[in-house]
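Welcome, and thanks for opening your viewer. This tour goes from stop to stop, telling you what to select next and what you will find there.

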Amino acid sequence: MDKFIKVTDVTKTYWSEDRKTETKVVLPLSLTIAEGEMVMFLGPSGCGKTTLMRIIGGLEKQDQGSITLAGDLLAGPDRRRGMVFQSYSSFPWLRVRENIKFGTRYRKDVSAAEKEEITDHYMGMVGLSAYSDFYTNRISGGMRQRVAIARTLASSPDILLMDEPFGALDAQTREHLQFQLMDINKSEKKTTIFVTHDVEEAILLADRVVIFSARPARVVKEIDVNAVIPVEDRRNNTADMQKFFSLRNEILEIIRAEYRQTVEAT
Amino acid sequence: MIKSLFVFRHALPRKTEIILGIFGFILFLTIWHMTASSGVIRPEFLPTPFAVAQAFVRLFTERDFASDIIVSVGRVWFAFLLSVVIAVPLGLMMSTYRAVGAILEPFIDFLRYLPVPALVPLLVIWFGVGETSKIAVLWMGTFFQLILLIADDTKRVPTEYIESGHTLGASNGQIMRHIIIPAALPNMIDNLRITLGWCWTYLIIAEIVAANSGIGHMIWSLRRFVKTPEVMAGIIAIGIIGLLTDQAFRFAHARLFSYQRR
């Protein structure tokens, strides 16, 4: 397998305020992700999956271990790793189009005219062209998340990091955005890490699901979803539901076992 | 009709609010007038609103009050802007670089609890009774408060905005200029408005203690002749200037930050 992103023996420990108690968040953890792959990080809440993704994004620093992207050793954050947050990170002082265009602001690889084209392209892709001149406090939460996704795509990152981006949305909006993301993924083939605690969301969107243990995070199981349910079937809503549910139950059982362990340990 | 005005936690039409606001003023003036003209309190202590209004006109026609106002407004704005140009960059640095905050915060917390009026004698010894000491009083009264307010506004910018900036490829300087400042600006402008109000409090103190011009000086010198209507007219003039400035700030705020309207 092509090792586009390579996480090697990464550890992370949080210390309490008085530096007396430590909490291991990530144990020595290794992981590889191929170019163009859509990987879902799944695990019990508070297990450290978000921390691992933030480390990959350069927003937090690991204690030990290394991360490489296409062979380059990574340190702090940069434009190669775009991030979509759970909370709405679109800028309230900018209109929808200006927000998306902000994604191109620090690019030196394209001309000013191309930046306009890129902006319009992604604004259309997330279906917000009609809301171009709206300030973001006058559009819905789902639309704001689409603004954030379009803004990140406009910056042309090598990988897309999504931290429970649909977690705060209602069920209908969430489903709509999940399918929209699958369409985007089909046309863009962007390497994506997507953190979620929603098992069905993970199965629906993933090429591969990585299931984490309770804290400290380690990989419990990796599942190649494409081998079970082809991505085309999921996208077209023609997936074999029997397979879908049995996969869901299998994953839920693993997570439940992990959860039980944590509860018993405390 | 009356009942519709008192619905629990219910909004009122803008027009009704304005009428009620004017009603509040009229109510105050009426009670004042009735008390003053009843003869219970001597007019040297409480003149009628009409006497004060006449005194207001006299101040302009006989005592060149307009130039006193210009002097006072000039002092307030000069000291205020002097505070702003230093406090804003320092406040931004304090919240951005922990070391700057750690050095300055305890020191400023100490300084801002010093009562400014108590510093006036010291400032007069240092700077004499000229303009410098008055500007220094106003500056001391606002600068240390403002710097902490600005630092707080900056700190309250959501981390996601800043992290988004990093992952979109912005440098630290670009994040400051393109994200932190625009994000914090509405609250900053609001705090500037409040700080400007404090300037007036300290101005009167400064002008009463050591000045030969300005609204505070005028009020204080008329006090000696028990010219109560003029003294009250002077106080009301400050209120009017304050109200107008405040409204101008609010108007500008609403225009500049129209995106905050829902």
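Is Ala211(B) buried or exposed? Keep in mind as you look that this is a predicted model. Select Ala211(B) and the C-beta atoms around it: 25 others lie within 10 Å, and 20 or more is the mark for a buried residue, so Ala211(B) is buried.

**Around Ala211(B)**

Ala211(B) sits in the loop between helix 8 and helix 9 (215-223) of chain B. Leaving out residues up to four places away in sequence, Ala211(B) touches Lys134(B), Ala206(B), Gly216(B) and His217(B). Now add Ile108(B) to the selection. It is 103 residues from Ala211(B) along the chain, and the two C-alpha atoms are separated by 28 Å.

**Helices 4 and 6 of chain B**

Ile108(B) leads to the next stop, since it is one of the residues through which helix 4 of chain B meets helix 6 of chain B. Select residues 98-111 for helix 4 and 131-155 for helix 6, both in chain B; they pack at an angle of about 135°, with axes 10 Å apart. Angles over 115 and up to 145 degrees fall in the oblique class, and helix 4 and helix 6 of chain B are therefore oblique to each other. Their crossing is left-handed.

To see the contact, show side chains for Gly101(B), Ile108(B) and Leu111(B) on helix 4 of chain B, then Phe144(B), Ile147(B), Leu148(B) and Ala151(B) on helix 6 of chain B. Colour these residues by class and you get 6 nonpolar, 1 polar and no charged.

**Helices 3 and 4 of chain B**

Keep helix 4 of chain B on screen and add helix 3 (residues 65-96) of chain B. Here the packing angle is about 115° and the axes are 5 Å apart. Which residues meet in helix 3 and helix 4 of chain B? From helix 3 of chain B come Met93(B), Met94(B) and Ser95(B), and from helix 4 of chain B come Val100(B), Gly101(B) and Leu104(B). By class, this contact has 4 nonpolar, 2 polar and no charged residues. Gly101(B) also belongs to the contact with helix 6 of chain B.

**Helix 1 of chain B**

Move to residues 14-37 of chain B, which form helix 1. How many of the 24 residues of helix 1 of chain B are buried? The number is 1, so this helix lies largely in the open. Try the distance tool on its end C-alpha atoms: they are 35 Å apart, which agrees with the 34 Å that its 24 residues should span at 1.5 Å a residue. Just after the helix, select Gly39(B), which takes a positive phi of about 90°.

**Where chain B touches chain A**

Show both chains. Their contact takes 13 residues from chain B and 22 residues from chain A. On the side of chain B that touches chain A, the elements giving two or more residues are helix 7 (159-167) and helix 8 (172-209). Helix 7 of chain B gives the most, with 6 residues. The residues on this side of chain B divide into 5 nonpolar, 5 polar and 3 charged.

While helix 8 of chain B is highlighted, pick Gly173(B) within it. Gly173(B) has 8 C-beta neighbours inside 10 Å and so counts as exposed.

**Helices 4 and 5 of chain A**

Over in chain A, select helix 4 (residues 141-154) and helix 5 (residues 171-188), which pack at an angle of about 15° with their axes 11 Å apart. That makes the two helices of chain A roughly parallel. Their crossing is right-handed.

The contact comes from Gly142(A), Gln145(A), Arg146(A) and Leu153(A) on helix 4 of chain A, and Thr173(A), Leu177(A) and Glu188(A) on helix 5 of chain A. This contact has 2 nonpolar, 3 polar and 2 charged residues.

**Backbone details**

Three last selections are worth a look.

- Pro216(A) lies in the loop between strand 9 (208-212) and strand 10 (219-224) of chain A. The peptide bond from Arg215(A) to Pro216(A) is cis, with omega near -5°.
- Ala70(A) is in the loop between strand 4 (64-69) and strand 5 (72-73) of chain A. Its phi is positive, about 50°, although Ala70(A) is not a glycine. With 14 other C-beta atoms within 10 Å, Ala70(A) is partly exposed.
- Val226(B) lies in the loop between helix 9 and helix 10 (228-256) of chain B. Val226(B), not a glycine, has a positive phi of about 50°, and is exposed, with 10 other C-beta atoms within 10 Å.

Conventions:
Residues are numbered from 1 along each chain as its sequence is written. Chains are lettered from A and ligands numbered from 1 in the order in which they are written. This is a predicted model: local features need pLDDT of at least 70, side-chain atom pairs count only at pLDDT 80 or more; totals for chains, interfaces and linings use all residues. Axes are lines fitted to C-alpha atoms, for helices over the stretch in contact, and angles run from 0 to 180 degrees between N-to-C directions. Helices (H or I, at least four residues) and strands (E, at least two) are DSSP runs, numbered from the N terminus. Angles under 35 degrees count as roughly parallel, over 145 as roughly antiparallel, 65 to 115 as roughly perpendicular and the rest as oblique. A crossing is left-handed if the near helix is turned anticlockwise from the far one by less than a right angle, and right-handed if clockwise. Two residues are in contact if their C-beta atoms, placed from the backbone, lie within 7 Å. Ala, Val, Leu, Ile, Met, Phe, Trp, Tyr, Cys and Pro count as nonpolar, Asp, Glu, Lys and Arg as charged, and the others, Gly among them, as polar. The expected span of a helix is 1.5 Å times one less than its number of residues. A residue is buried if 20 or more other C-beta atoms lie within 10 Å of its own, exposed if 12 or fewer, and partly exposed in between; C-beta atoms are placed from the backbone.
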